Amino acid sequence: MTKENLILLADAYKYSHHKLYIPGTQHIYSYLESRGGKFDETVFYGLQYFLKEYLQGVVFTKEKLDEAEITLKEVFGRDDIFDRSRFEYIIHKHGGKLPVRIKAVPEGTVVPVRNVLMTIENTDPECFWLTNFLETLLMQVWYPCTVASVSREIKKIVKRYYDDTASATAFAGIDFVLNDFGFRGASSVESAGIGGSAHLVSFSGSDTIAASVFAKRYYDAATAPGLSIPATEHSIVTLLGEAGELEIFKHVLNAFPTGTIACVSDSYNIFRACEEYWGTELKEQILNRQGTLVIRPDSGDPVQTLLRVFDILMNKFGYTVNEKGYKVLPPQVRVIQGDGISYSSIPGIFEALKQAGISAENLVLGMGGALLQRVNRDTQEFALKCAYAEVNEQGINVQKMPVEMDASGQLRTSFKKSKAGKLKLVKENGIFHTIGADDAPEQKDLLETVFENGEITKTWSFDAIRQAAAL
């Protein structure tokens, strides 16, 4: 598989850089940051996967070099770009292991934007070109960081509405409010594993099994961190046609007489299903169950649909009023909204419930494409840039500082301005700061060496990451 040949996992233009760096270059030091974006802070998560899967141990071999040489000659159509000897040197001198050092903030740390998250530098002066050769692959850490950040930001919203409207006992279930429905919408199995596990840093509800496999394999999770329940889909509920929907609903309840079960109920008419079937024909069976039926609308405007569904269910099943003055369905009945759920739609849904006097504890959410797929590197403006170099034994602080023109035609310094010099991340009075590596020697550098010369030197458990990222 191409995935296993690290020699081929870089942008094509990087194979020319050994020639393009100024003669005498010996050391390249680069750093990763989130330069801004949708959220003011970023959860750092996912680097350990890339280190374990792609970088640790012997990664360059003669066989992989032979394979890469064929492909790269085809890509460039000339023989003076790809330099086989650069990789042969690493094979002979370092046994095929990468002579680089990577430092990073502990995974799960929530860091305000525009701070250093990771640094990488070569440890052999002959391999100055290797630092940014690895950028292409390592930059992909933007994805799990961004998904983890989206999930955590949604948890902030959920917690705010729980604080306002939910009873104290309901807070135990907050980790299951947002459920990952994104496996089928992910671009690959690898994306589902990476992104799905990033969601599990803040929540425990998930139908993406690959996420739990990922967390166990790369982050030593003792048990699957993503939990789920039995649930129907439309192929089950529509099997006997519209006239048979009630019979299907009865069968669903009988199939799982205890525990939590979810049933999609909009195959024909969600309001009839709630009023006549769940709320009348099956009402006593539901209320006598040892467990919870979660009713799922799956079409229509989420706010208007949910308000009508809750009105019907509370009229049929009754409700209590919690200590904060908001209505709560009996524990045997809840609702899950899995259609049209995104970071932008969630506040409006919970606010509408609040205005209607309905507690947030009545509702859970399922999120698919907007969780695992509707993000990109610019969501949090991730970049990896060179900040320090050594040329002919001379240290140089390196920086880009673009001047750009704004919409009115005025010149300004771009937000893409990078940091200069070797860096460290410190925390003073609870606030993160990025400073020069030699500044404030009394302050501890929060960046830890996680990889050096082919070996992983520090790992993080999934439990520790969850604790670090907790609100």
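Let me begin with one pairing, that of strand β3, residues 100-104, with strand β20, residues 448-452, which run antiparallel to each other and are joined over four bridges. Within this pairing, Lys-103 has Thr-449 of β20 as its bridge partner. I should say at once that what we are looking at is a predicted model.

The pair belongs to an open sheet of seven strands with antiparallel pairing, and the order across the sheet is β15-β14-β1-β5-β3-β20-β21. At the edges stand β15, residues 394-397, and β21, residues 455-456, and because each has a single partner strand, one side of each is left without a neighbour in the sheet. Just ahead of one of these edge strands, in the loop between β14, residues 382-391, and β15, we find Glu-393. Its phi is near 70 degrees, which is a positive value in a residue other than glycine, and Glu-393 is exposed, with 63% relative accessible area. Asp-220 also has a positive phi, near 55 degrees, and again this is not a glycine; Asp-220 is placed in the loop between α9, residues 209-219, and α10.

Let me turn to the charged contacts, where the count comes to 26 salt bridges. One of them joins Glu-135 to Lys-14, with the closest N and O atoms 2.7 Å apart. Since Glu-135 lies in helix α6, residues 135-138, and Lys-14 in the segment before α1, residues 17-20, this pair ties together parts that are 121 residues apart in sequence. Are these two residues, Glu-135 and Lys-14, buried or exposed? Both are buried.

A second salt bridge links Asp-66 with Arg-84, and here the closest N and O atoms are 2.7 Å apart. Asp-66 sits in helix α3, residues 62-76, whereas Arg-84 sits in helix α4, residues 84-94, so the pair connects parts that are 18 residues apart in sequence. As for their surroundings, Asp-66 is partly exposed, at 27% relative accessible area, while Arg-84, at 16%, counts as buried. Both residues also take part in a network of salt bridges that links Lys-62, Asp-66, Glu-69, Lys-73, Arg-84 and Glu-88.

A third example is the salt bridge between Glu-242 and Arg-272, whose closest N and O atoms are 2.9 Å apart. Glu-242 is in the loop between α10, residues 234-237, and α11, residues 245-255, and Arg-272 is in helix α12, residues 270-281, so that parts 30 residues apart in sequence are tied together. Glu-242 counts as partly exposed, with a relative accessibility of 39%.

Now to the empty space inside the model. How many cavities of 30 Å³ or more does a search of the whole structure find? The search finds two, and the largest holds about 80 Å³ of space. Its lining consists of Lys-14, Tyr-15, His-17, His-18, Phe-82, Asp-83, Arg-86, Phe-87, Trp-129 and Phe-133, and α1 and α4 each supply at least two of the lining residues. Lys-14 therefore appears twice in this account, as a residue that lines the largest cavity and as the salt-bridge partner of Glu-135 in the pair that ties together parts 121 residues apart in sequence.

I will finish at the surface, where Val-403, Met-405 and Leu-411 make a nonpolar patch of about 360 Å². Val-403 is found in strand β16, residues 403-405, and, with a relative accessibility of 59%, Val-403 counts as exposed.

How values were computed
Residues are numbered from 1 along each chain as its sequence is written. This is a predicted model: local features need pLDDT of at least 70, side-chain atom pairs count only at pLDDT 80 or more; totals for chains, interfaces and linings use all residues. Side-chain values use heavy atoms; hydrogens and water are left out. Patches are made of residues with over 30% relative accessible area and no salt bridge: like charges are joined within 9 Å, nonpolar side chains (Val, Leu, Ile, Met, Phe, Trp, Tyr) within 5 Å. Accessible areas come from the Shrake-Rupley method with a 1.4 Å probe; for residues, only the protein chains shown count as cover. A salt bridge is a side-chain nitrogen of Lys or Arg within 4 Å of a carboxyl oxygen of Asp or Glu. Buried means under 20% relative accessible area, exposed over 50%, partly exposed in between (1.4 Å probe, protein chains only). Two strands pair if DSSP finds at least two bridges between them. On a 1 Å grid over the protein atoms alone, a cavity is a set of points where a 1.4 Å probe fits but cannot get out, and a pocket is an open set with protein on both sides within 12 Å along at least five of seven lines; lining residues have an atom within 4 Å of a point. Grid points are joined across faces, edges and corners, and a volume is the space filled by probe spheres set on the points.
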